[in-house]
Amino acid sequence: MNNLRFNDFGLDSDILKSIKKLGYENPSEVQEKVIPLILKNKDIIIKSETGSGKTAAFAIPICEKIELEEKLPQVLVLTPTRELALQIMESFSNIGKFKRINCAALFGKEPITVQIKKLRQRVHVVVGTPGRIADHIKRNTLNLKKIKYLVIDEADEMLDMGFIDQVKFIIDDLPKDRLTLLFSATIPQEMLKLFNKYMVNPINIDIKSKNSAVDRIRQLYYEVEAHEKFDLLNKIIYTEKPDSVMIFCRTKKNVDNLVLHMKDKGYPCSGLHGGMLQSKRIDVTKRFKRGEFIFLVCTDIAARGIDVENITHIINYDIPMEKESYIHRIGRTGRAGNSGTAITFVTPKEYRFLEKIGEFFNLNIEEGKIPSKEEVETGKKLFNEKLKAGPKIKNDNSRYINRDISKIYISAGKKKKIRPGDIAGTISSINGVNPDDVGIIDIEDNFSYVNILSGKGDIVLKALQNKTIKGKTIRAEKAMK
Ligand code: AMP
């Protein structure tokens, strides 16, 4: 049942505008329950899985409450992986775009100097992995004195990954007078014990997974010897003719090997694992999200959080070592009301382990039927035709919302004593432009950037050619980004 509408929460029009642009029509169950409580400043422990809309459940009310004028970060979100950090940052940026909320993602492997520079700007929301956040605290490059909202996302994963000491270290550095929200797919007793002391009378919310994606996923398994997996994979691809697939392997090496084999066969595919450069990982994820290739071959690094629309199939080429990973992996499909198929390969020795997963989560995993030679032949023809037709590029939410926004470079900054108000004032004085059209302003030593909203970038750029800012001649150009 979905009675509430976003309009009923009493949100600001800037936030409602972003929600509309993102295409969210009605709040999901977790949003219905959580948004009003965060607006009322309640600490909450929320048991929910990715795919439930939980990111927006905290990002919407927090964006609503952020005080724009405050110079120090007010929101800290801790997440277990870099990919998730980027995704959450993107959600905050999308939802906070018209309110002009500025966000930063802090994670390992990216040069710390880049992040330090970013933190010198006014940043309202910081999203990061515990290791890097702790690092910034130790270096005194992240001031957490004004944090009012702490979100611990995927808490179970964070503890499993051994981040507990860093998480404690970070929380000890935060003001006591804050809101704390804990999101987790599972809530073991020890976690409750640990976090209860950091929360004030937390309200427990359990979003039942029967409403979650798992029920909409057709789950099959095939018992297969390790050396016959690739042959079986081909048969399944031809008969299923999938649009978008994540294939999970146990190790980086298995990912690389499988990608090589698949490329040899001409399948449009790419690998994703923790051994790759961060920039490459981001690029692969982006291209997969856009549907530029069909098969993403990956390790469990991609099993959590990563949100790609319309993944039709998950293939567990290697069965996961952890029971929970199975749920996270298959949860990449069947999202946003779609159905999906999850196929698991098990060697005879691993069969017992699959049985345990099924029993533990009460799943119905059926034995798949090996396709006949004829089925494979017919399927192969059709699938090859589909490949020839080329990829169908998918719409990406953030791209959509960004379409109306352009970033402009201005050749004057702090050294010329330019302040955000000077830029905003000059731009608002342009005919046909009003203060609402001016987005985030970033002032560096020798130059500045300003986002122009509502598709008015070209008008502003043209007008700035003949304008001065604070009496100073400037050059304005479209930013390279
Ligand atoms: P999450 O559980 O945060 O990983 O979100 C899962 C997906 O649902 C993301 O693609 C969101 O953009 C999308 N989403 C979140 N809230 C809504 C909503 N109210 N209506 C439609 N889609 C939503």
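Contact, as the word is used in this tour, means heavy atoms within 4.5 Å. The model is predicted, and local features need pLDDT of at least 70, side-chain atom pairs count only at pLDDT 80 or more, and totals for chains, interfaces and linings use all residues. Residues are numbered from 1 along each chain as its sequence is written, and side-chain values use heavy atoms, with hydrogens and water left out.

**First stop: His 313**

Select His 313, which lies in strand S12 (residues 313-316); strands (E, at least two residues) and helices (H or I, at least four) are DSSP runs, numbered from the N terminus. Leaving aside residues up to four places away in sequence, His 313 touches Glu 240, Pro 242, Ser 244, Val 245, Met 246, Thr 333, Thr 341 and Ile 343. His 313 counts as buried because its relative accessibility is 7%, where buried means under 20% relative accessible area, exposed over 50%, and partly exposed in between (1.4 Å probe, protein chains only).

**Second stop: domain 1 against domain 2**

Now colour by domain: the assignment, which comes from an automatic or database source, gives domain 1 (6-206), domain 2 (213-388) and domain 3 (404-478). Between domain 1 and domain 2, 14 residues of the former are in contact with 16 residues of the latter. Select Glu 83 and Arg 281, whose side chains meet in a salt bridge (2.7 Å, N to O); the term requires a side-chain nitrogen of Lys or Arg within 4 Å of a carboxyl oxygen of Asp or Glu. Helix H4 (82-95) and helix H7 (155-160) each supply at least two residues of the side of domain 1 that touches domain 2, and H4 gives the largest share, 5 residues.

**Third stop: salt bridges between distant parts of the chain**

Side chains of opposite charge can pair when their charged atoms come close. Of the 20 salt bridges in the structure, select Glu 444 and Lys 117, with closest N and O atoms 3.7 Å apart. Glu 444 sits in the loop between strand S16 (438-443) and strand S17 (448-452), while Lys 117 is in helix H5 (residues 112-120), 327 residues apart. Glu 444 is buried at 15% relative accessibility, whereas Lys 117 is partly exposed at 44%.

Move next to Arg 250 and Glu 350, a salt bridge with closest N and O atoms 2.9 Å apart. Which of its partners is buried, with a relative accessible area of 16%? That partner is Glu 350, while Arg 250, at 34%, counts as partly exposed.

Finish at Lys 54, Asp 153 and Glu 154, which are linked in a network of salt bridges.
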